Amino acid sequence: MLFRVFIQARMSSRRFPGKVLAPLAGRPLIAWVVGRVAEAVPKDRILVVTSTDASDDPLAAYVPGLGVKVFRGDLDNVVQRFQDGLKQYPADWIVRICADSPVLDPDLIGLLARSAQDGIDLVTNVQVRSFPKGQSVEFINARTFAALQSDALSAEEKEHLTQVFYRNPQRFGIINIAAGDAALAGQSHVVDTLDDLRALEEMVRGPLPRMAMHAQSGARAA
């Protein structure tokens, strides 16, 4: 099974423009995310998927220095952007990671990979959220994803990559991985605002969180 990690990133965040290059403890946010993912996946299987919009030029210029490739596509139709990226970088599975998750536990990638199997379209730990925001991992079956008719999706489904799966669970085989500690869902490890960035400054100065150890044994079909 070949999977590639597609890190979804753009500079035009509505709540925190430019956040993916904002400094966190001296390093741009995207550098933290790539570094965390690279603990689990070789860098030649990591792709930062951004847009062709001019606002993303600084991001596209910076990322190659991290040792990973960049793919640029449609700004608003993220499904189409990922489909185009998949054509250029084929794989059996796409692992979708968001670029606002600087303390992502890389062990979650291996944990979900073990449930990526024939007959399953999506392995996720967010359909029923039990892990903190910023610890989200989604394994998407590339064949199923490539078959989506992006033009037929709603504007919201085009923008939110996996929403079509969650809205139509009867059409897709979905496995949701749950955490055994319900309190984790109330935590936030994501950067949506400048205040979030400041809060994570303290976290990254200590041991980074390990979330996979909290997963329930086995997987729960959703």
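Start with the whole chain in view: for 222 residues, a compact globule would have a radius of gyration near 17 Å, and this protein has 16 Å, which agrees (taken over C-alpha atoms, with the globule rule being 2.2 Å times the number of residues to the power 0.38). You're looking at a predicted model, where local features need pLDDT of at least 70, side-chain atom pairs count only at pLDDT 80 or more, and totals for chains, interfaces and linings use all residues. Residues are numbered from 1 along each chain as its sequence is written, and side-chain values use heavy atoms, leaving out hydrogens and water.

Still zoomed out, show the C-alpha atoms: they fill a box of roughly 45 × 40 × 30 Å along the principal axes.

Now switch to cartoon. You'll find eight helices and 10 strands (DSSP runs numbered from the N terminus: helices are H or I with at least four residues, strands are E with at least two).

Next, colour by burial. Buried residues make up 54% of the 222 (buried is under 20% relative accessible area, exposed over 50%, partly exposed in between, with a 1.4 Å probe and protein chains only).

Time to zoom in: select 194–203, helix α8. Which residues are buried here? Leu197, Leu200 and Glu201 are. Look down the axis of α8: its buried residues fall within an arc of 120 degrees, so they line one face of the helix (the arc uses directions from the helix axis to the C-beta atoms).

Spin to the other side of α8, and Asp195, Arg198, Ala199 and Glu202 are exposed.

Last stop: add 23–24 and 29–37 to your selection. These are β2 and α1, which the buried residues of α8 pack against.

Definitions and conventions: Contact = heavy atoms within 4.5 Å.
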